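Dear colleague,

I am passing on the structure that follows, which is a predicted model. My notes on it come after, and I would be glad if you read them with the structure open beside you.

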Amino acid sequence: GNVLGTSAVYYTQPRKPSPTEIELIKTSANFAALAIQNHQAKNNLKNYAEELKRSNSDLKDFAHIASHDLQEPLRKISIFSDRLQQSKANFSEQHQDYLSRMGNAAHRMQALIDDLLALSQVTAKGQPFKKVNLAKITCEVLEDLEAKLMETQGKVTLGNLPSLDADPFQMRQLLQNLIENALKYHKHGTPPLIHLDSQPSQNGCWSISIKDNGIGLNEKFSERIFIPLERLHGRSSYEGTGIGLALCKKIVLRHGGNISVKSQLGEGATFTVVLPKMQPATP
């Protein structure tokens, strides 16, 4: 709504501009408007780049604080809590309960810091993309989750999983979080069944599905579950920090893909990850 400038056309004799001249003036005004708009867009882009630079700097500062300044006092709390646990026979039942709560809170805080640190480092600490065999990585993840699978009597079956351009470590994080999520939210008394499969998608992508028979969720919360620290269930019902799915989404976005979930309460859930088969030369 601000006037940025004016233009005028002068004639040697008093007269009205011809239709052709009016069109020429309109065209000139449009060119001027485009030039102004282009200039404003460049300024906006420059400001955005500067803001992004500040944001990245803040993220690095947070990573340093999380990995050093916060970790050290927390380790001391955990160490002294563990030492007191060794002498808990000398405490009253109430004091033993306080000690147990303190130790559990310290361990939860440690897990939260570790997960937030992992989330902050998805882009900053990402490895170069290379050809990754998702079937091989999934088998390695299942070896690591062997104890959890035995505890829940869970079973994981694999369909056709592709090879694609990706960060190997982050693909491992992605698959482990999604499989652990399916194992965690299983129905009480029903062993979790999880099936991983894939099929070619549009625009040179793979669509990878992780389907389970767990408790499911109301689809109106299908976006909320990818927000950091967002939980649909209380900590007393299901352990965790609420970072896992947010980490999955950030990894998928870094790879130029997307992640979504289809589910109904009591009928399990299917997470779908769409990833490009090939990545640009640089991540």
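To begin with a pair of helices, the axes of helix H4 (residues 134-144) and H6 come within 9 Å and cross at roughly 55°. An angle that is neither under 35 degrees, nor over 145, nor from 65 to 115 counts as oblique, and H4 and H6 are therefore oblique to each other. The crossing in which H4 passes H6 is right-handed. On the H4 side, the residues in contact are Leu134, Ile137, Thr138, Glu140, Val141, Leu142 and Asp144, and they meet Pro168, Met171, Arg172, Leu175, Gln176 and Ile179 in H6. Sorted by class, this contact holds eight nonpolar, two polar and three charged residues.

Some of these residues appear again around the largest cavity, whose lining is formed by Leu134, Met171, Leu174, Leu175, Ile208, Ile210, Val273 and Leu275. Helix H6 (168-184), strand E5 (205-212) and strand E7 (269-276) each give two or more residues to that lining, with H6 providing the largest share, three residues. The lining has eight nonpolar residues, with no polar and no charged ones, and the volume of the cavity is about 40 Å³.

Turning to the pockets, the second largest one holds about 280 Å³ of space. It is lined by 14 residues, of which Thr6, Ser7, Ser28, Ala29 and Ala32 lie nearest its centre. The lining of this second largest pocket comprises nine nonpolar, four polar and one charged residues.

With best wishes

How values were computed: Residues are numbered from 1 along each chain as its sequence is written. This is a predicted model: local features need pLDDT of at least 70, side-chain atom pairs count only at pLDDT 80 or more; totals for chains, interfaces and linings use all residues. Side-chain values use heavy atoms; hydrogens and water are left out. On a 1 Å grid over the protein atoms alone, a cavity is a set of points where a 1.4 Å probe fits but cannot get out, and a pocket is an open set with protein on both sides within 12 Å along at least five of seven lines; lining residues have an atom within 4 Å of a point. Grid points are joined across faces, edges and corners, and a volume is the space filled by probe spheres set on the points. Ala, Val, Leu, Ile, Met, Phe, Trp, Tyr, Cys and Pro count as nonpolar, Asp, Glu, Lys and Arg as charged, and the others, Gly among them, as polar. Helices (H or I, at least four residues) and strands (E, at least two) are DSSP runs, numbered from the N terminus. Axes are lines fitted to C-alpha atoms, for helices over the stretch in contact, and angles run from 0 to 180 degrees between N-to-C directions. A crossing is left-handed if the near helix is turned anticlockwise from the far one by less than a right angle, and right-handed if clockwise. Contact means heavy atoms within 4.5 Å.
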